Amino acid sequence: MKRILSIAAATALTASFAFAGTSSMDFAQKFEKECQGCHGPIHQGGVGSDLRPKALKSKNREFLAERILNGVENTAMPAWNSTFSKDDATGMVDWLMDWKNTVELTLDLDEVKKTWTKMADREALAKKYPKPTEVKSVLDITFATERDASLVDFIDSTTGKVLSRHKAGFAVHVTVTNKKNPRYAYSISRSGKLTMFDIGAPGQPALASVQVGQESRGLAVSPDGKYVIAGNYNPGGAVLCDAMTLEPLKAFDTSRVIDPDGQIGPSRVASLADTPYGPYFAMALKDGGHTYIIDYSKPDFPIVGDIPNIGKILHDAFLNEDEGKDFGRYFMIASQGSDVVGIVDFKEKNLAAKVHTGKKSKPHPGQGSSWYSKGQKKQLHATQSMNFGDTVIWDSNWKVVKHVKTAGGGLFVGTAHDTPYLWSDCVLGKPEFYNEVHLINKDTLETDRIIKVGKKKGQLIDAKTKKVLQEWDATQHEPVPVNEVASKISKEKLMPMPAKVGAVVKNPVQPRLLHAEPANHGKWTMISEWTTGRIGIYNSKTGEFIKYIENLTTPTFTYSVEHRQHIPGA
């Protein structure tokens, strides 16, 4: 793996200075760190536009440079004018227009195996600490990712105390737990690092790691607790590992698949999900438009279902929660290039339906929402739209029953049994609105309340009367710098949590709210604030503000162990 990546890095380095002009920016490095998450490792697009030379040749260079500098409203494309000069933007456009795909990586199990590292003795720790040491139960823990700090954190959900912060690869993207053995947790970073943790031992130490690729995204653990699978954007494919050791067992290569246009090429792996419905993993091929169904109960983990023609640019997915025999039967996968959510049936191993989310809609369910609505007297499911403020709700007959308008495009819509609301963010909306989370009543399907956090104060607002129901101090504080330390238990680096908050920020920024996650056994909901470096804690039943967790860096994804125990595929 190191050998392959070094070739790729050398090629990128050569190309990065070809059109530098008066800019000193390393365009290849900047693209890899900041851009390929949305635009793809070979520039093929996804959440963002196709940036290959063929797609750009008819575009005006000045227009493209302006988009880099000022961003694009109602998309995931931010303004880069704070870190890019005009020369940087022009140079980046030149580099993109002349870019050549000189290296295509292929997933190689033998190379992946060479990167496997044991970091602590799992069995010895379990014997020494048979019960959790810092919480009453491991179910009390919530994970959080600090994207730009490359950290995964473990938080006591009942108090809000940050227990530990771990260096776990660039832009930690997803965390999951082992539902059969919830003592064990896993994270995957965008830089391809898969890490396993023991959240019952002191400090929640890392037990093992493996480099599954150059750029990765999805993660799932089999309900029997035996296997964990991680998905790659580059090299395209997925790696299945032993969930108790993290040793790689099989690589599923997707460097050559047929896409919806009949062309053969590489495909990134988007969402991965396990299901209680059967011994299956679902694996969505982002560029291929397929979903594979892998049977992990059989020797060599065969692909037993291949569901094609779901749509273009597959992304996030979630499972249905219909009570009874159909619980977790359907894998609901967003197709952002086709304005649909595809309904993949684990039982029949086919495409049961397509839910059309609206003209030019880009569905992004994030963790998604599935719940029984007493008011509507049926099971409902929901996704966000990335590019405009629209929460789309459909039933188990796969018919859209409501479009609920919000203030701007969002990434996540979440709920739980203990809250009367869907919590829908507007994180991709305009700056004057991306500080809002809309609380949609699960029975009436109307927006009841809005959480709005300003630069100095936060408000809970009645959506219908506009009356302010609660107001709180939202003063922003500077982060307190700390030095990384070596773990006393594991071969890893930790970042201590400062004991106090920093000085008051003189020029506060607009808070950017995203990803509402139930916590504290349903009593709280946690909302990340990207730009302010904190997580807000709210009353799940009322939406009222409780307190902040401070001193974080771009907190993004949160994951409550207790809550996710009840959610299929999560």
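Is R564 buried or exposed? R564 has a relative accessible area of 6%, and buried means under 20%, so R564 is buried. The model that gives this value is a predicted one.

R564 is a good place to begin reading the structure. The residue belongs to helix α8, which covers residues 561–564. Its side chain is joined to that of E517 by a polar contact of 2.9 Å. E517 sits in strand β35, residues 513–519, so this contact links a helix residue to a strand residue. E517 is also counted as buried, because its relative accessibility is 1%.

The surroundings of these two residues can be listed. Leaving out residues up to four places away in sequence, R564 touches K179, Q367, H515, E517, F557, T558, Y559 and A570. On the same basis, E517 touches Q367, W524, T525, M526, T558, Y559, S560, H563 and R564. Q367, T558 and Y559 appear in both lists.

Two of the residues that R564 touches, K179 and A570, lead to a space inside the protein. K179 and A570 help to line the second largest cavity, together with V176, T177, L219, A220, V221, D274 and G569. Strands β5 (172–177) and β9 (215–221) are the elements that each give two or more residues to this lining. The largest share, 3 residues, comes from β9. By type, the lining divides into 5 nonpolar, 2 polar and 2 charged residues. The space in this cavity is about 50 Å³.

How is such a space found? Rolling a probe the size of a water molecule over the atoms shows where empty space is left. The structure holds 3 cavities of 30 Å³ or more. The largest cavity has about 90 Å³ of space. It is lined by 11 residues, and those closest to its centre are I42, Y233, N234, G236 and P266. The lining of the largest cavity consists of 5 nonpolar, 4 polar and 2 charged residues.

N234 also takes part in a feature of the backbone. A cis peptide bond, with omega about -10°, joins N234 to P235. P235 lies in the loop between β10 (227–234) and β11 (237–242).

Two other loops hold residues with a positive phi that are not glycine. I313 has a phi near 55° and is found in the loop between β18 (303–307) and β19 (314–319). K360 has a phi of about 60° and is found in the loop between β22 (350–356) and β23 (363–373). The two residues differ in accessibility: I313 counts as buried at 17%, whereas K360 is exposed, with a relative accessible area of 62%.

The last stop is helix α4, residues 61–70, in which L64, A65, I68 and L69 are buried. Seen down the helix axis, the buried residues of α4 fall within an arc of 140°, so they line one face of the helix. These residues pack against α3 (53–56) and α5 (86–97). At the N-terminal end, α4 is capped by N60, with a side-chain oxygen of N60 2.9 Å from the backbone nitrogen of E62. After α4 comes G71, which has a positive phi near 75°.

Methods:
Residues numbered from 1 in each chain as written. Predicted model: local features only at pLDDT ≥ 70, side-chain atom pairs only at ≥ 80, totals over all residues. Heavy atoms only, no water. Buried < 20%, exposed > 50% of the residue type's maximum accessible area, 1.4 Å probe, protein only. Helix = DSSP H or I, 4+ residues; strand = E, 2+ residues; numbered from the N terminus. Arc of directions from axis to C-beta. Contact = heavy atoms within 4.5 Å. Polar contact = N/O pair within 3.5 Å; in protein donor to acceptor, adjacent residues only side chain to side chain. 1 Å grid on protein atoms, 1.4 Å probe; cavity = no way out; pocket = protein on both sides within 12 Å on 5 of 7 lines; lining within 4 Å. Points joined across faces, edges and corners; volume = space filled by probe spheres on them. Nonpolar A, V, L, I, M, F, W, Y, C, P; charged D, E, K, R; others polar.
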